[in-house]
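Trainee: I would like to learn how to read burial, cores and cavities from a model. Please take me through one.

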Amino acid sequence: MTTFLSRKCKIFFNTAAVRWKFGPGMILVQFALVYALCAIGADSQKPEDGPYRGKYIGKFNSYHHQASGDVYAVDEYTFLLTGFNYDGNGVDTFFWSGASNRPGPQGFIVPDEFGKTNILERYFNKDFTLRLPDNKKITEVKWLAIYDLNSQNNFADVYIPEDFEPPVPQKAGSLSRNSHGVSSEAIDILDSKTIRIPEFSYDGKGKEVHFWVGVGPSPSSKGRKIPDEMGYLDPIRAYDRETITLELPGDMTIFDIDWFSVYDVETKEDFGSILISDDLNVPPSLVKITPHIESLPNCRQLHKDYRVSWEVFGPQITLQLAGNVKEDEYMAFGISGADDKSQMQGADVAVAYIEGHQGYAVDYNITSLAPCVQVLGQNKGVCRDDVVGGQDSYQLHTFNRENGINTITFRRMLISPDNGDKTFVLDRSMYMIWAMGRLDSNNEPTYHDIYPKKDIVISFNTSEPVNDCFSFTRSEVNLKDVWEKAQIFDRTIRSFTATLGPAGGKRGYQGITGHVSNGLAWYINGLLVPELWLRRGLTYSFKVRGGNNPHSPEFYHPLVITDEPRGGFDRLSDAKQSEIRVLAGVEFTRRGRPKPTAAGPRCLAEHPPNQDRRLDDNFATFKKFNRTLRWSCEKGDPAILEITPNSSWPDVVYYNSFTHANMGWKIHIIDSYSSSARNGAGAAPWVEIRLMVGIVAATATLLMGGLVSGR
């Protein structure tokens, strides 16, 4: 509260001149009244030396064993103890609470910070939380004590004030329907950094619209954009009665702002807004704030978890990428493949990551939105410069990983001697691209998880340093359930249709298989990478529609079956290929080169033009996700891959793409169709999706409809 009052007082004094129209006598009275209120407010609260901790209850009254510290209420059930001390010399000592008038034997043990009811050991200047047991509320007790049951001696206590109101999430107003269809239900202020907007709508037709916050009586251009629900700082997308949760960036809290708005920065128009109440009694945020000071003068925040800093000195540019990433993730940044928009294809990028004790900043050229593959003897896709005849132009300077943040600094000549590199120009702004994602087993970048949908424009030649960066934040992420793991376990099915479709985010291919994704995956009989159950001695056929144009690095996917789980057989070295048993889909030339045998015309499921694939994880099930996709199938008969598993086949094999890794999944080879065979292989009956003939017929009808229409 002190922080809030101080801010309000400062606003008043800074704008007092506006009120001079009331006369010097009136303004002096206002100054005196506000100054007095500010002073009273400051004296009535404990001075805050750090971040907001909750509602202050008081200081422990210390009697014995050096027990001391301050106590806050975090929420209805939880105390926060700060600077807590206790010498640990009590015999049978516990955190103790109760509803009697004073601490005594009539009470109950409060579990320690680990949820244990062990005898207390020594504490020295510790900060931690205590949660009351059995869902008891702070308002149901009168005191918290450090109490010894053996001697019935009270070492320290703090009393809960009468009519005490612990912090709880608060309701704010709903977004007013000013324009562009902006509306919502009543907004929830969940804690000091978190805003939840239920049933939010916006038509997406503004020019440069952001979630916008600031100080003052009403929304204005002197505000600041905050990241959207996915952490992006791009202009926001369209919403249709969606419930979204926003986190205030860096060390900003709800006490630092007076209003929240959906605001068009270009036209300076407020599409809908609410005022933030002066006296919000909300829980403190559990978000961990990690300050990060960049060493270069210019900084641009690209995403809440990613920033780029730079400095131009002479003919060189020094870049620093810093990101809140996992150990197996990369950060990419570079010059767009087009001069008039941000475009991945044709881009010249640096891919930066840290492996163990070594950092890397590798020069890449993007000729196609696919992993690097050989097309008619040439490498195409996302390829290292030194693989496509160029040179790695980036020189690594420093790298560091601390608190989950990778910081990698590297430099390059503005005009590279490599003809395949693009030039950093200083006489105009440049369109750039960036992305974050996971590395594969070869430390090559896979299809990016986080990337912008809007143009990224940066001017690298600035007369004054520019910096809109803020501290990194990290909170515990509630992982969404993986989509159902489909299985085809049916003795009547001898034919399968193999088509392509989107991998479906972290709940789809990645969640089902545990592998990184390249963006596409096999759909078998309309299901995303199902596990198949085939019996030895029976003949099965796969109707393959993965693309038969070897000139296409993106959509050329002959089907192969091997004993290796990841696929991409054609990309492997001769030594690696020799370690893999190919069971179907490949024959070898006289020179020993592998040649695929099951490449059929492409049949592809795609997102509709207005659907953002970054939102794939918002679908609760694959079934709901699949209904939104649109099929396009090339004319022509599918390639047929026939197999007859025999006793030499392993119990588990894998279907995959000949050209690209991580697109398929398991085939169980069994001796009989019995429930014991299925369960013995680790299948979970409750996630089984049993395909009946009617479903297969429906899938075939869908695909044939696409062929007939020529889509």
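Trainee: Where is Phe60 found?

Mentor: Place a residue among its elements before anything else. This is a predicted model. Phe60 sits in the loop between strand E1 (55-59) and strand E2 (61-62).

Trainee: Is Phe60 buried or exposed?

Mentor: Use the relative accessible area. Buried means under 20%. Phe60 has 5%, so Phe60 is buried.

Trainee: Which residues does Phe60 touch, not counting those up to four places away in sequence?

Mentor: Leaving those neighbours out shows what the fold brings together. Phe60 touches Ser68, Gly69, Val71, Leu81 and Phe84, among others. Its contacts also include Leu144, Ile146, Ala156, Asp157 and Val158.

Trainee: How many residues apart in sequence are Phe60 and Ala156?

Mentor: Set sequence separation beside distance in space. Phe60 and Ala156 are 96 residues apart in the chain. Their C-alpha atoms are 5.9 Å apart.

Trainee: Now the largest nonpolar core. Which residues touch the most other members?

Mentor: Look for the members with the most partners. The core has 53 residues, and Phe542, Ile561 and Tyr655 touch the most other members. Strand E35 (residues 520-524) gives the most to this core, with 5 residues.

Trainee: What does Phe542 touch, not counting residues up to four places away in sequence?

Mentor: Read the contact list. Phe542 touches Phe496, Leu532, Leu559 and Ile561, among others. The rest of its list is Ala639, Ile640, Leu641, Ile643 and Ile667.

Trainee: How many cavities of 30 Å³ or more does the structure hold?

Mentor: Count first, then take volume and lining. There are 2. The largest has a volume of about 260 Å³. Of its 20 lining residues, Tyr330, Ile366, Val382, Thr446 and His448 are the closest to its centre.

Trainee: Which elements give two or more residues to the lining of the largest cavity?

Mentor: Strand E22 (329-335), strand E23 (348-355) and strand E30 (430-438). E22 supplies the largest share, 4 residues. Then check the chemistry: the lining has 16 nonpolar residues, 4 polar and no charged.

Trainee: Which residues line the second largest cavity?

Mentor: Run the same steps. Its volume is about 40 Å³. The lining is Lys288, Thr290, Asn324, Asn403, Ile405, Phe472, Thr473 and Arg474. Strand E18 (288-290) and strand E32 (472-474) each give two or more residues. E32 has the largest share, with 3.

Trainee: How does the lining of the second largest cavity divide by class?

Mentor: Into 2 nonpolar, 4 polar and 2 charged residues. Set that beside the largest cavity, whose lining has no charged residues.

How values were computed
Residues numbered from 1 in each chain as written. Predicted model: local features only at pLDDT ≥ 70, side-chain atom pairs only at ≥ 80, totals over all residues. Heavy atoms only, no water. 1 Å grid on protein atoms, 1.4 Å probe; cavity = no way out; pocket = protein on both sides within 12 Å on 5 of 7 lines; lining within 4 Å. Points joined across faces, edges and corners; volume = space filled by probe spheres on them. Nonpolar A, V, L, I, M, F, W, Y, C, P; charged D, E, K, R; others polar. Buried < 20%, exposed > 50% of the residue type's maximum accessible area, 1.4 Å probe, protein only. Contact = heavy atoms within 4.5 Å. Core = buried A, V, L, I, M, F, W, Y, C linked by side-chain atoms within 4.5 Å.
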